[in-house]
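Visitor: I have a model to look over and some questions about its fold. Could you take me through it?

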Amino acid sequence: MRIEIYGRPLCDACEAVVNYIELANVPYEYYNIEQMTPTDLMELITKRVEGARHVPIIFIDGRKVENLDELKKYFEFNGITPNILG
């Protein structure tokens, strides 16, 4: 499974997604959109997410996941359980 997260600093929703994935002990790749080149950012917006203008942007195996709730449903369906007890 390949998880990609596109986010930015000081984004509570981005931090919530990252924290949830880390609690599940699942590897992921995080991309700070503020450090992307304008060309790469435009390609992301126009080709991969069809104009979405919010973060986080989440992909699992190339398929866009809309938000944390959908990510949780995906994990649950696939038997991935976060360790909320630490």
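Guide: Contact here means heavy atoms within 4.5 Å. This is a predicted model, in which local features need pLDDT of at least 70 and side-chain atom pairs count only at pLDDT 80 or more, while totals for chains, interfaces and linings use all residues. Residues are numbered from 1 along each chain as its sequence is written, and side-chain values use heavy atoms, with hydrogens and water left out.

Visitor: Which pattern does the chain follow along the sequence?
Guide: Helices (H or I, at least four residues) and strands (E, at least two) are DSSP runs, numbered from the N terminus. The chain has three helices and four strands. Read in sequence order, the pattern is β-α-β-α-β-β-α.

Visitor: Leaving aside neighbours within four places in sequence, which residues is E4 in contact with?
Guide: E4 is found in strand β1. Once neighbours within four places in sequence are set aside, its contacts are E29, Y31, R48, I57, I58 and F59.

Visitor: Does E4 count as buried or exposed, and why?
Guide: Buried means under 20% relative accessible area, exposed over 50%, and partly exposed in between (1.4 Å probe, protein chains only). The relative accessibility of E4 is 4%, so E4 counts as buried.

Visitor: Which side chain does a polar contact of 3.2 Å join to that of E4?
Guide: A polar contact is a pair of N or O atoms within 3.5 Å; within protein, one must be able to donate a hydrogen and the other to accept it, and residues adjacent in sequence count only if both atoms are side-chain atoms. At 3.2 Å, the side chain of E4 has such a contact with that of Y6.

Visitor: In β3, what is the bridge partner of E4?
Guide: Two strands pair if DSSP finds at least two bridges between them. β1 and β3 pair in the antiparallel sense over four bridges. The partner of E4 in β3 is F59.

Visitor: In β4, what is the bridge partner of F59?
Guide: β3 also pairs with strand β4 (residues 63-65), in the antiparallel sense over three bridges. These two strands form a hairpin with two residues between them, and D61 in the turn has a positive phi of about 50 degrees. Within β4, F59 has as its bridge partner K64.

Visitor: Why is the ring pair of Y6 and F59 stacked or edge-to-face?
Guide: Rings of Phe, Tyr and Trp (its six-membered ring) pair if their centres lie within 6.5 Å; planes under 30 degrees apart count as stacked, over 60 as edge-to-face and the rest as tilted. By this rule there are four aromatic pairs. The rings of Y6 and F59 have centres 6.1 Å apart and planes at 90 degrees, so the pair is edge-to-face.

Visitor: How many residues apart are Y6 and F59?
Guide: Both Y6 and F59 are buried, and ring pairs link them with Y31 into a cluster. Y6 lies in β1 (residues 3-7) and F59 in β3 (residues 57-60), so far as sequence goes distant parts of the chain, and their separation is 53 residues.

Visitor: Which element gives the largest share of the largest nonpolar core?
Guide: A nonpolar core is a set of buried Ala, Val, Leu, Ile, Met, Phe, Trp, Tyr and Cys residues joined through side-chain atoms within 4.5 Å. The largest has 14 residues, and β1, α1 (12-23), β3 and α3 (68-77) each give two or more. The largest share, four residues, comes from α1.
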